[in-house]
Amino acid sequence: MPTHHVEGVLEVIGPEAHQAPLVVDSPHSGTIYPPDNLMIVPQEVLTSGTDLYVHELFASCVNHGATLLHALFPRMYIDPNRAADDLDPSLIDGTWPGKLRPTEKSESGFGLMRRLALPNVPVYERPLPVAEIQMRLDRYYWPYHRTLSTLLDEHQDRFGAVWHLDCHSMKPVGNAMNTDAGEPRPDVVLGNRHGQSCSADFTAFVTERFEAEGLTIALNQPYAGAELTEAYSNPDTGRHSLQIELNRGLYLDDKTYERSSGFDALVGAIDRVCEAIADYALASARSR
């Protein structure tokens, strides 16, 4: 599968040789801001909410047959890991042409459209016109979702089943916008929607592979998986989605946002984990 780009929106990188029934996506590592983004916060504050370098950390998955999708646009602009109706009404200037279903994410300031960049730091000076939000949905959000859905469909059609890793990073300590405010976090949090988005066997396998790399693991706390693991998973039909959150303290300098001395070691660990997961996915698909 060749590399595929949608300018400013997304990139898909396919394996050069054999293919495995494994799709890896990074929806929050994009850093290309449209020039008219209307945000009023400094760039360094916006950067604090970006899952920097996550697509680089998982880049070698394609060497093991996986396909990698990552968003080029920032989640601060519009968040593909939220439902399209998870929108804070206070951010809308005008009448929204449909029903809104804001969740606790929107209430906390980070729904489909960010209200807060950090605790008590608003992203926008005023509500956004309906047409602006709809443009972002049409230009960025839906292309990302259509691409992920198509990739999963294609892999499942070919192999009979597909495994999906939805990859993110997290601050080392939860802040006031999080349910675990003030609490230190483990190296990796795996989210399977409390057993709903993938098999228990797959969760256990990935847990064991990360633990074999000397990393500490938590399950579903504080992150159980969001829209991308919920919308596109169905373990009963062979579609398994697992969210992976990496502690930024493993690989990122929290002051400069540059890669830290631990970056290369984490790349190596993730490479070995992805190789094992690709092998697992192939063997599991063949045994169905």
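Student: Which residues form one aromatic cluster in this structure?

Tutor: Phe 73, Tyr 77, Tyr 140 and Tyr 144 do, in this predicted model. One of these rings also has a charged neighbour: the charged end of Arg 139 sits over Tyr 140.

Student: What makes Arg 139 count as sitting over the ring of Tyr 140?

Tutor: Its charged end is 5.3 Å from the ring centre, and the cut-off is 6 Å, together with a limit of 35 degrees from the ring normal. Arg 259 is placed over a ring in this way too, with Phe 263 as its partner and 5.6 Å to the ring centre.

Student: How many aromatic pairs are there in the structure?

Tutor: There are 9 of them. Tyr 53 and Phe 263 make a good example to work through.

Student: Why is the pair of Tyr 53 and Phe 263 called edge-to-face?

Tutor: Take it in two steps. The ring centres are 6.2 Å apart, and a pair needs centres within 6.5 Å. The planes meet at 85 degrees, and over 60 degrees counts as edge-to-face, so both conditions are met and the name fits.

Student: What makes this a link between distant parts of the chain?

Tutor: Tyr 53 belongs to the loop between α1 and α2, while Phe 263 is in helix α7, and 210 residues separate them along the chain.

Student: Are Tyr 53 and Phe 263 buried or exposed, and how do you know?

Tutor: Buried means under 20% relative accessible area. Tyr 53 has 12%, so it counts as buried. Phe 263 has 8%, so Phe 263 passes the test as well.

Student: Why is the pair of Phe 202 and Tyr 280 called tilted instead?

Tutor: Their centres are 5.4 Å apart, with 35 degrees between the planes. Stacked needs under 30 degrees and edge-to-face needs over 60, so an angle of 35 degrees leaves tilted as the name. Phe 202 sits in helix α5 and Tyr 280 in helix α7, 78 residues apart, and this pair too links distant parts of the chain. Phe 202 and Tyr 280 are both buried.

Student: Which residues have the most contacts inside the largest nonpolar core?

Tutor: Phe 202 appears again here, along with Val 24, Phe 58 and Leu 165. This core has 42 residues. Several elements supply at least two residues each, including β3, α2, β9 and α5. The largest share comes from α7, with 12 residues. As a general background, nonpolar side chains in soluble globular proteins tend to be buried together.

Student: What is unusual about the backbone at some places?

Tutor: Most residues other than glycine have a negative phi, and most peptide bonds are trans. Tyr 53 is not a glycine, yet its phi is positive, near 70 degrees. Tyr 257 also has a positive phi, about 65 degrees, without being a glycine.

Student: What kind of peptide bond joins Gln 221 and Pro 222?

Tutor: A cis one, with omega at about 10 degrees. Pro 222 lies in the loop between β11 and α6.

Student: Why is Tyr 257 called partly exposed?

Tutor: Tyr 257, in the loop between β12 and α7, has 21% relative accessibility. Buried would need under 20% and exposed over 50%, so 21% makes Tyr 257 partly exposed. Glu 230 in helix α6 has 43%, and by the same limits Glu 230 is partly exposed. For contrast, Leu 68 in strand β4 has just 2%, so Leu 68 counts as buried.

Student: Which residues lie nearest the centre of the largest pocket?

Tutor: Arg 82, Lys 105, Phe 110, Tyr 223 and Ala 226 do, among a lining of 42 residues. The pocket holds about 820 Å³ of space. Helices α3 and α6 and strand β6 are among the elements that each supply at least two lining residues.

Student: How many lining residues of the largest pocket fall in each class?

Tutor: The lining has 17 charged, 15 polar and 10 nonpolar residues. Of those nearest the centre, Arg 82 and Lys 105 belong with the charged class, because Arg and Lys count as charged. Phe 110, Tyr 223 and Ala 226 go with the nonpolar class, because Phe, Tyr and Ala count as nonpolar.

Notes:
Residues numbered from 1 in each chain as written. Predicted model: local features only at pLDDT ≥ 70, side-chain atom pairs only at ≥ 80, totals over all residues. Heavy atoms only, no water. 1 Å grid on protein atoms, 1.4 Å probe; cavity = no way out; pocket = protein on both sides within 12 Å on 5 of 7 lines; lining within 4 Å. Points joined across faces, edges and corners; volume = space filled by probe spheres on them. Helix = DSSP H or I, 4+ residues; strand = E, 2+ residues; numbered from the N terminus. Phe/Tyr/Trp six-rings, centres within 6.5 Å; stacked < 30°, edge-to-face > 60°. Buried < 20%, exposed > 50% of the residue type's maximum accessible area, 1.4 Å probe, protein only. Core = buried A, V, L, I, M, F, W, Y, C linked by side-chain atoms within 4.5 Å.
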